[in-house]
Amino acid sequence: MLQHIKRILAFLSILLIYFIAKEFLDLYVSLNAVHPYLAYGFIVLAAGVLVYFVGIPVYRIIRIPKAPRPLTSEDNLEKELAKRFELLEKNPFLLSIEYDMASVPRTKEGYERVMRVLRKESARIRNKYVNGLFYSSAISQNGFIDAILILSSSVNLVKDTFVLYNGRVSNRDLLTIGRQVYYSMAIGGSETVEYATGEIFSKLSTQGMKSIPFFDKILGSLADGFVNAALLTRVALITDNYCSKLIVESEKDLRPSPVFIVQTASNITGTLQKKLYNEMKNLAGEKIKDAAGWAANPVKVLFEKVRPKKKKRAEEDLLY
């Protein structure tokens, strides 16, 4: 049974590479039709983006010192707590907020108290990347660009999470997280995607928005953006579990359920989604002023309408 699952995943992986390559070639041909130098510039730009936003962060991840992985029993709990508290005393984030580690008992309860502080900051990091991917992938409308956005967001989110917890997982667990990133992109028919797509469809269908011009195009783009946001949320939650959990009964405890993933992604993007839906309701039945802009990328126009004029730090975290 396990062998069959591995073969299916391998087939889906090859299929993913095919579709991404096809999207890349389509984009290259379109740019080449405009001017050959434009197509060459696109290749150079894509390579530069991959090196800067993927290659360099991966290198930095590898350089981060390793931290203990979750235990599967309480046999060596005291020894494990001693190692973890030693790392926590040197944690840059806790030092930056002047957290009083001296008052924390070196027990399981004390460890969970400190983790609540770090998980709160981890959630802030997660919210920033998930909202950013929801926004950018919803307006990209190209599978190749989506793949780069998902990959770069995942790698940088994982890096920032490891930096926060002052340690990365072992090479073996790092490969496991890497596979989760890859499979999140590859398994387009997974339960997570099904739940995520249903989330967007249910919200829009209950608000009577079918009279909005280009509704189908908007719906598809928002569904794509939310699916990508949910898949990134999955990677974020798994990484956080590896870094923060002290004891797990099995490896399954490190992987959240599809329902929980979608609920979390929905909560993260909820404010932005609400603004978009309100703007869509206002547009229902109205005459479109910029028909060309709407026809080209209606979701981009919507985002421009709901984005704030002055970006405060909290608002930047929401949209980016």
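E80 sits at 5% relative accessibility, so it counts as buried. This is a predicted model, and E80 makes a good way into its charged pairs: E80 and K83 form a salt bridge, with 3.9 Å between the closest N and O atoms. Across the whole structure there are 8 salt bridges; here's a look at some of them.

**The group in helix α3**
- K83 and E80 are 3 residues apart in helix α3, so about one helical turn separates them.
- The two partners differ in how much solvent they see: K83, at 41% relative accessibility, is partly exposed, while E80 is buried at 5%.
- R84 joins in too, as E80, K83 and R84 are linked in a network of salt bridges.

**A link between distant parts of the chain**
- R69 and D173 pair up through their side chains in a salt bridge, at 2.8 Å from N to O.
- R69 is in the loop between α2 (36-63) and α3 (77-88), whereas D173 belongs to helix α7 (residues 171-186), so this pair ties together parts that are 104 residues apart in sequence.
- On the R69 side, relative accessibility is 29%, which makes this residue partly exposed.
- D173 has just 2% relative accessibility and therefore counts as buried.

**A buried pair**
- K159 and D160 also meet side chain to side chain, in a salt bridge with an N to O distance of 2.8 Å.
- Are these two buried or exposed? Both K159 and D160 are buried.

Definitions and conventions: Residues are numbered from 1 along each chain as its sequence is written. This is a predicted model: local features need pLDDT of at least 70, side-chain atom pairs count only at pLDDT 80 or more; totals for chains, interfaces and linings use all residues. Side-chain values use heavy atoms; hydrogens and water are left out. A salt bridge is a side-chain nitrogen of Lys or Arg within 4 Å of a carboxyl oxygen of Asp or Glu. Helices (H or I, at least four residues) and strands (E, at least two) are DSSP runs, numbered from the N terminus. Buried means under 20% relative accessible area, exposed over 50%, partly exposed in between (1.4 Å probe, protein chains only).
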